[in-house]
Amino acid sequence: MQSIVKYKEQISAFIESISLDRSPKDLYDPISYILSLGGKQIRPVLTLMSAEVFGIEANKAIHAATAIELFHNFSLMHDDIMDDASLRRGNATVHEKWDVNTAILSGDAMLILAYQYFEEYEPETFRDLAKLFSKTAIEVCEGQQWDICFEKRNDVQIPEYLKMIEYKTAVLVGAALKMGAIVAKTSEKNANDIYDFGLNLGLAFQLQDDYLDAFGDEATFGKTIGGDILENKKTYLYLKALINGTAEQKQELTKYFSTTEGDEAAKIKRVKELFVETTSATDSQTLIKDYTEKALSILDGMDIPAEKKELLQVFSNELMNRRV
């Protein structure tokens, strides 16, 4: 098997080779633009890795991996519109560089292009990939809508939040891995196990992302620290602090999260202190570890060679200990 770096080079090279020199340019140029911004490309890397885990060459799954990356970028393009975000990966978002209507339509086109990449496979594999893709796509939309609904609610519970991040983030990680398994034509059990491995890994990934948004190093994290706090996002850190905190701490947190006015630096500083004082920060790290260990337990029980398990274990541990 290859290293994670090699898989990333493989998917990056293939995406760079995609020719979208078609008309109208204002439909296709935004797609080329957002794809050119790169990113971690974790999901397509997992598709390629999974294909090799189950005994075929990674390039056999390159079209499925590309479909996953196109879908992910489509969702980001629309997320940026909903969040009114001005930057994506340090560059202007598509709706800022062009306009909102162009970004919506280009995103829609990218989703359709993603489906077209499954046409490279024989009918049975195409059917299984498209079925999983459709299921995952609707779950991602459901997760996004829950996220939007939570912004207006003051009674969000931790199980609801975990279900939201499962659908918004984790199902796509699981699907990326299962697509590699489908292309490799492995057993149904293997395909389901690798999906469950990815689902738990995806939950750990999103919880870590939320944690780093508050406690990461801005220079390496790539985003402004405290963004979720300023936007009053009801992350696990916030919800757990409300459960653990004293009456005074709960009142203080609720007051901070009921407004977007005031001294931003002071708000970030004090809310982070409350996350630490209520042990919400350490509880979050514990949950990240729990989901990662659950993923590794599923992996350990799979009937694949030890050296292939090791690569997935290394990837999981890097994810759990990441700072970016």
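Author: Start with Asp84, which sits in the loop between α4 (62–83) and β1 (87–88). Helices (H or I, at least four residues) and strands (E, at least two) are DSSP runs, numbered from the N terminus. This is a predicted model, where local features need pLDDT of at least 70 and side-chain atom pairs count only at pLDDT 80 or more, while totals for chains, interfaces and linings use all residues. Residues are numbered from 1 along each chain as its sequence is written, and side-chain values use heavy atoms, with hydrogens and water left out.

Reader: Why does Asp84 count as exposed?

Author: Set its value against the cut-offs. Buried means under 20% relative accessible area, exposed over 50%, and partly exposed in between (1.4 Å probe, protein chains only). Asp84 has 58% relative accessibility, so it counts as exposed.

Reader: What makes the phi of Asp84 worth a note?

Author: Its sign. Most residues other than glycine have a negative phi. Asp84 is not a glycine, yet its phi is positive, near 55°. Thr279 is another non-glycine with a positive phi, about 65°. Thr279 lies in the loop between α14 (264–277) and α15 (280–300).

Reader: Why is Thr279 called partly exposed?

Author: Its relative accessible area is 36%, so it falls between the two cut-offs.

Reader: What makes the peptide bond from Ser23 to Pro24 stand out?

Author: Most peptide bonds are trans. The bond from Ser23 to Pro24 is cis, with omega near 0°. Pro24 is in the loop between α1 and α2.

Reader: Leu20 is in the loop between α1 (4–17) and α2 (25–36) too. How do you know that Leu20 is buried?

Author: By its relative accessible area of 11%, which is under 20%.

Reader: Which residues does Leu20 touch, leaving aside neighbours within four places in sequence?

Author: Contact means heavy atoms within 4.5 Å. By that rule, Leu20 is in contact with Tyr28, Ile31, Ser32 and Leu113.

Reader: What makes Phe118 and Phe133 an aromatic pair, and why edge-to-face?

Author: A search of the whole structure finds 10 aromatic pairs. Phe118 and Phe133 are 5.1 Å apart, centre to centre, with 75° between the planes. Rings of Phe, Tyr and Trp (its six-membered ring) pair if their centres lie within 6.5 Å; planes under 30 degrees apart count as stacked, over 60 as edge-to-face and the rest as tilted. Both tests are met, so the pair is edge-to-face. Phe118 is in the loop between α6 (100–116) and α7 (123–150), and Phe133 is in helix α7, 15 residues apart. They belong to one aromatic cluster with Phe71, Phe74 and Tyr115.

Reader: Are these two Phe residues buried or exposed?

Author: Phe118 has a relative accessible area of 0%, so it is buried. Phe133 is buried as well, at 2%.

Reader: What does the whole chain come to in secondary structure?

Author: The chain has 16 helices and two strands. Buried residues make up 53% of its 324 residues.

Reader: How do you know that the chain agrees with a compact globule?

Author: Compare two radii of gyration. The radius is taken over C-alpha atoms, and the globule rule is 2.2 Å times the number of residues to the power 0.38. For 324 residues the rule gives a value near 20 Å; the chain has 20 Å, so the two agree.
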